[in-house]
Amino acid sequence: MTDTLVLAVILIPALIVAIVFHEVAHGWAALALGDPTAQEQKRLSFNPIRHVDPIGTVVLPGFLALVGAPVFGWAKPVPVNKHRLKNPRFGMMAVAFAGPLMNFVLAAVGAVVLGLFVGTLSAPPEGVLATVLEGLQLFLAINLFLALFNLLPIPPFDGSHIVEGLLPDKAAAVYEKLRPYGFPLLFLLLIGIPYLLPEANIIENIVVPPMEWAMSYYLELAGWFANL
């Protein structure tokens with residue numbers, strides 16, 4: 001297999017698990033807080049097909065990767081009706097945070113599995129074992145990146161709902177008016193500005209540093225299990 005095909009074989013399953021669990025976590029949180037909309041629409045499912053957005057999950061990430069731009073995308077959002085939540089302000093914040101929290105948990109599970117796997121090796125891995133090792137490391141990185149990326153306070157990311165819930169009522173109402181402009185703003189901040197001003201790359205300057213910091217602790221966790 002070519003390096004590109006190997007990368008795809010590793011990357012696609014890791015992305016699917018990270019994205020699907022992220023979306024289902026939103027639905028679980030909403031259900032626990034009084035909103036059964038996701039359950040009623042059969043979105044509390046681990047079937048990837050129920051969560052795939054043809055443009056956001058397939059076309060856009062593929063195009064961005066092809067042209068060498070920062071790769072990002074989205075799944076079909078799990079439906080949440082804030083008016084059905086017991087406490088809409090707190091509920092929306094909790095539902096929003098549930099997705100990134102799930103990715104942090106998945107990263108922890110990945111670190112444990114990575115450590116246990118490394119602990120079984122008696123020599124540097126080759127062939128299939130090397131692919132498994134790369135896959136586990138990539139799974140860790142994908143989940144940490146997805147969690148931190150979604151916490152950016154830009155509509156429609158999860159971080160925007162958290163910020164909106166923390167703001168005073170009047171400021172929250174003004175902030176909410178930005179939502180219709182979320183995607184144009186997103187493209188401007190993540191693609192337009194970095195293209196014109198490479199030093200202003202949000203992903204490299206804001207997302208990657210905390211991701212690398214978090215990765216060091218997750219790898220420490222993996223090392224602890226490797227030495228058991």
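What follows is a dialogue between a biologist and a modeller about how to read a predicted model.

Biologist: Before any single residue, I would like the overall layout; how many helices and strands are there in the chain?

Modeller: The model is predicted, and its chain holds 9 helices and 0 strands, so that the order from the N terminus on reads α-α-α-α-α-α-α-α-α. Buried residues make up 39% of the 228 residues, and the accessible surface comes to about 12700 Å², of which 71% belongs to carbon and sulfur atoms. Among contacts between residues at least 6 apart in sequence, 68% join residues at least 24 apart.

Biologist: Which residues of the largest nonpolar core touch the most other members?

Modeller: That core has 27 residues, and those touching the most other members are L140, L144, F149, L152 and Y218. The elements giving two or more residues to this core are α4, α5, α8 and α9. Another core, of 14 residues, lies apart from it and includes M92, L106, F139 and L146.

Biologist: Let me turn to α9; how does one read its span against what is expected?

Modeller: One compares the distance from the first C-alpha to the last with the span expected at 1.5 Å a residue. Helix α9, residues 202–226, has 25 residues and reaches 34 Å, which is close to the expected 36 Å.

Biologist: Where in α9 does a kink lie?

Modeller: The kink, of about 40°, lies at V208, shortly before the proline P209. At the start of the helix, a side-chain oxygen of N201 reaches to within 3.0 Å of the backbone nitrogen of I203.

Biologist: And against which helices do the buried residues of α9 pack?

Modeller: They pack against α4 (88–120), α5 (128–150) and α8 (182–196). The buried residues of α9 include I203, M211, M215 and Y218, and Y218 is also one of the residues touching the most other members of the largest nonpolar core.

Biologist: I noticed an asparagine, N143, in helix α5; is N143 buried or exposed?

Modeller: The reading rests on relative accessibility, where buried means under 20%. N143 counts as buried because its relative accessibility is 0%.

Biologist: What does the side chain of N143 make a polar contact with?

Modeller: The partner is the side chain of N103, at 2.9 Å. Leaving aside residues up to four places away in sequence, N143 touches A18, N103, L106 and A107, and L106 is itself among the members of the 14-residue core.

Biologist: Now for the loops; why does H83 count as exposed?

Modeller: The cut-off for exposed is over 50% relative accessible area, and H83 counts as exposed because it stands at 67% relative accessibility. Its place is in the loop between α3 (54–67) and α4, and its C-alpha atom is separated by 9.5 Å from that of G34, although the two residues are 49 apart along the chain.

Biologist: Backbone angles are less familiar to me; what is phi of K42 near?

Modeller: One looks for the sign of the angle together with the residue type, and phi of K42 is near 60°, a positive value in a residue other than glycine. K42 is found in the loop between α2 (37–40) and α3, and it counts as exposed because its relative accessibility is 56%.

Biologist: Which peptide bond is cis, with omega near 10°?

Modeller: It is the bond from P155 to P156, and P156 is found in the loop between α5 and α6 (158–166).

Note on methods: Residues numbered from 1 in each chain as written. Predicted model: local features only at pLDDT ≥ 70, side-chain atom pairs only at ≥ 80, totals over all residues. Heavy atoms only, no water. Helix = DSSP H or I, 4+ residues; strand = E, 2+ residues; numbered from the N terminus. Expected span 1.5 Å × (residues − 1). Bend = angle between axes of the 7 residues up to and from the residue. Buried < 20%, exposed > 50% of the residue type's maximum accessible area, 1.4 Å probe, protein only. Contact = heavy atoms within 4.5 Å. Polar contact = N/O pair within 3.5 Å; in protein donor to acceptor, adjacent residues only side chain to side chain. Areas by Shrake-Rupley, 256 points an atom, 1.4 Å probe, with all protein chains shown as cover. Core = buried A, V, L, I, M, F, W, Y, C linked by side-chain atoms within 4.5 Å.
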